[in-house]
Amino acid sequence: MGRADTTGHVRDEDVREEAADALDLFAELRAREFGYLDEGGHTYLDHTGAGLPPRSLVAASARRVTGGLFGNPHSDSPASRASGDLLDEARGAVLRHFNADPAEYAVIFTPNATGALRLVGEAYPLGRRSRLVMPLDNHNSVNGLREYARARGATVEYVPLRAPDLRIDEDRMRAALAVRARRPGLGPAPGRRGAAGRPRGLLAYPAQSNFTGVQHPLDWIATAQAHGYDVVLDAAAYVPTNRLDLGRHHPDFTVVSWYKVFGHPTGVGALIARRPALARLRRPWFSGGTIYAVSAQARWHVLADDEAAFEDGTVNFLAIPDVTAGLAWIERVGMDRVHDHVAALTGRLLAGLRTLRHSDGSPLVRVYGPDRTGTPRGGTVALNVLDAGGRVVDERVIIRDSAASGISLRTGCFCNPGAGEAAFGLPPRRLRRAARRRLGSLEEYLKLLHLPSAGAVRVSLGPASQPGDVETFLSFVRRTYRDRVPDVAGLAPRLGC
Ligand SMILES: Cc1ncc(COP(=O)(O)O)c(C=O)c1O
């Protein structure tokens with residue numbers, strides 16, 4: 001940012017010029033690639049839910065698919081080869097994007113990040129003496145790993161978050177990773193992989209929270225590995241606006257969903273796995289595409305010995321080449337520029353939220369997690385609106401009113417119940433008591449927990465966002481809720497979190 005002069009100082013006018021250039025670049029991008037937002041009168045504030053498809057990417061995809069012949073890649077015909085070559089190219093593009101050495105990492109295409117997590121969960125050799133450690137801040141697609149762990153008798157430990165920023169409690173994380181999973185005397189010393197070279201379990205955590213936007217330290221990867229853990233890094237919310245350098249950090253399993261990065265295609269994610277960790281997985285079945293040799297009558301099969309062993313059936317061979325194009329697109333825009341653009345807009349949003357007050361001076365919003373930039377956080381902001389009496393406004397009111405204003409945002413717990421529980425300060429004992437009751441509905445659950453709403457409001461920004469979107473949201477909140485107690489009559493019952 002800003003060129004340094006001979007004394008090493010960056011001149012203010014250079015910084016201002018760069019910021020103005022960046023604004024121009026993203027304003028031009030908005031008009032050219034995301035024109036459908038303004039043409040349709042939309043304010044899109046759910047980039048953590050899904051990135052938006054650039055027009056040029058979708059047009060180029062259609063040209064590619066209709067300009068050549070692409071067949072099922074499991075063969076050697078010209079049509080098959082054309083698909084196979086593009087799949088190889090996409091694997092190479094993913095590795096280059098993450099600065100990942102092909103000798104160290106394999107790329108497995110999956111339907112989404114969830115599909116990648118499931119591959120790990122169902123095949124990771126957890127057993128009675130191993131552990132699954134997870135911070136409370138995790139998407140349900142990571143939380144779900146605990147069911148595989150539980151079924152195999154492994155210990156599951158959740159690491160709490162610290163208020164007010166809702167970052168991982170570092171002391172508790174260190175303590176959790178230091179626990180010997182085997183009986184005393186049998187566990188490996190820190191820094192060693194254990195007597196048989198087997199890891200003692202998994203640490204699974206997000207590089208960036210999809211609830212608060214907090215970025216958790218990537219240094220946990222090496223710390224956990226030094227204690228004999230394999231690491232699952234959920235990078236789904238991180239990689240859309242951050243560079244992830246797998247030459248520097250070496251998680252054993254990294255999961256992503258590509259539609260979150262460049263909007264198109266949907267239905268394609270990836271598991272980027274370290275080859276030694278991949279070799280530890282034990283697939284519970286085989287399927288078309290995953291085997292090298294098989295006999296029906298002899299009931300015998302040999303799994304493929306590379307990434308093909310994990311790609312069940314026919315992969316999405318028409319869409320996966322769009323990942324190559326999407327990565328080239330984001331590199332042309334510049335991942336660092338996207339990062340800076342989103343950071344600047346997030347700063348603007350947080351500063352604006354701090355100024356929102358009722359006329360008696362009481363706050364109009366409560367932000368969960370870090371409420372300032374300058375700390376490791378991304379462009380996802382969770383909050384609740386407070387009415388004139390200081391009570392949380394029901395999230396169904398917010399979605400009703402924002403929808404009427406053409407604003408697309410998210411409400412609820414965003415599939416991240418742990419971060420929500422920490423944000424709302426719910427004591428574990430009360431949660432356990434509620435879980436023991438046979439509750440008929442989410443409404444009953446909320447009543448038992450004394451919760452005024454079923455979650456928060458999430459606003460998230462991306463490369464298509466402009467300062468005007470932030471202003472639209474701030475003025476929507478001011479106009480609709482300042483000095484008011486909104487009408488909650490006629491709200492539909494909640495169906496789920
Ligand atoms: C942090 C995080 N992890 C995992 C997922 C799951 O992604 P998908 O639904 O694409 O599998 C999401 C989706 O929002 C997410 O934000």
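Which residues line the second largest cavity? I began with this one, working on a predicted model. The lining consists of Phe34, His47, Gly51, Leu52, Val261, Phe262, Trp329, Pro463 and Ala464. I noted a volume of about 50 Å³ for the second largest cavity. By class its lining has seven nonpolar and two polar residues, and no charged ones.

**Entry: the largest cavity**

I counted two cavities of 30 Å³ or more. The largest cavity holds about 120 Å³ of space. I found 16 residues in its lining, and those nearest its centre are His47, Thr48, Pro240, Thr241 and Leu461. His47 is thus listed for the largest cavity and also for the second largest cavity. The class count for the largest cavity is seven nonpolar, eight polar and one charged.

I then asked where the largest cavity lies with respect to the domains. It lies between domain 1 (72-331) and domain 2 (335-413 + 455-481), because both give residues to its lining.

**Entry: the two domains**

I looked up how the chain is divided, and the assignment gives domain 1 (72-331) and domain 2 (335-413 + 455-481). Taken over C-alpha atoms, the centres of domain 1 and domain 2 are 32 Å apart. For the contacts between them, I noted 20 residues of domain 1 against 18 residues of domain 2.

**Entry: Met335**

I placed Met335 in helix H13, which covers residues 335-355. Is Met335 buried or exposed? Its relative accessibility is 0%, so I entered Met335 as buried. Leaving aside neighbours within four places in sequence, I listed its contacts as His97, Val239, Pro240, Thr241, Asn242, Arg243 and Ile330. Two of these names, Pro240 and Thr241, are also among the residues nearest the centre of the largest cavity. I also checked Met335 against Val232: the two are 103 residues apart in sequence, and their C-alpha atoms are 23 Å apart in space.

**Entry: the largest pocket**

I turned from cavities to pockets. The largest pocket contains about 950 Å³ of space. I recorded 36 lining residues, with Leu136, Pro417, Gly418, Glu421 and Leu431 nearest the centre. Which element gives the most to this lining? Helix H15 does, with five residues. Helix H15 (417-423) is one of the elements that supply at least two residues each; the others are helix H6 (140-143), helix H7 (145-151), strand E4 (155-159), helix H16 (428-436) and helix H17 (442-448). By class, I entered 23 nonpolar, eight polar and five charged residues for the lining of the largest pocket.

**Entry: strand E10**

Why do I call strand E10 largely enclosed by the rest of the structure? Six of the six residues of E10 (residues 269-274) are buried, and therefore the description holds. In a regular strand the side chains alternate between the two faces of the sheet. I took the faces of E10 in turn: Gly269, Leu271 and Ala273 are buried on one side, and Ala270, Ile272 and Arg274 are buried on the other.

I looked next for the partners of E10. Strand E2 (residues 105-110) runs antiparallel to E10 and is joined to it by six bridges. Strand E9 (residues 253-257) also pairs with E10 in the antiparallel sense, over five bridges. Leu271 in E10 appears in both pairings: Ile108 stands opposite Leu271, and Val255 has Leu271 as its bridge partner.

**Entry: backbone exceptions**

Most residues other than glycine have a negative phi, and most peptide bonds are trans. I went through the exceptions.

The bond between Ala163 and Pro164 is cis, with omega about 0°. I located Pro164 in the loop between strand E5 (161-162) and strand E6 (167-168). The bond from His264 to Pro265 is also cis, with omega near 10°. Pro265 sits in the loop between helix H10 (259-262) and E10.

Asn99 is not a glycine, yet its phi is positive, about 50°. I found Asn99 in the loop between helix H4 (78-97) and E2. At a relative accessible area of 44%, Asn99 is partly exposed.

Asp483 likewise has a positive phi, near 65°. I placed Asp483 in the segment after helix H18 (467-481). Its relative accessibility is 39%, so I entered Asp483 as partly exposed.

How values were computed:
Residues are numbered from 1 along each chain as its sequence is written. This is a predicted model: local features need pLDDT of at least 70, side-chain atom pairs count only at pLDDT 80 or more; totals for chains, interfaces and linings use all residues. Side-chain values use heavy atoms; hydrogens and water are left out. On a 1 Å grid over the protein atoms alone, a cavity is a set of points where a 1.4 Å probe fits but cannot get out, and a pocket is an open set with protein on both sides within 12 Å along at least five of seven lines; lining residues have an atom within 4 Å of a point. Grid points are joined across faces, edges and corners, and a volume is the space filled by probe spheres set on the points. Helices (H or I, at least four residues) and strands (E, at least two) are DSSP runs, numbered from the N terminus. Ala, Val, Leu, Ile, Met, Phe, Trp, Tyr, Cys and Pro count as nonpolar, Asp, Glu, Lys and Arg as charged, and the others, Gly among them, as polar. Buried means under 20% relative accessible area, exposed over 50%, partly exposed in between (1.4 Å probe, protein chains only). Two strands pair if DSSP finds at least two bridges between them. Domain bounds come from an automatic or database domain assignment. Contact means heavy atoms within 4.5 Å.
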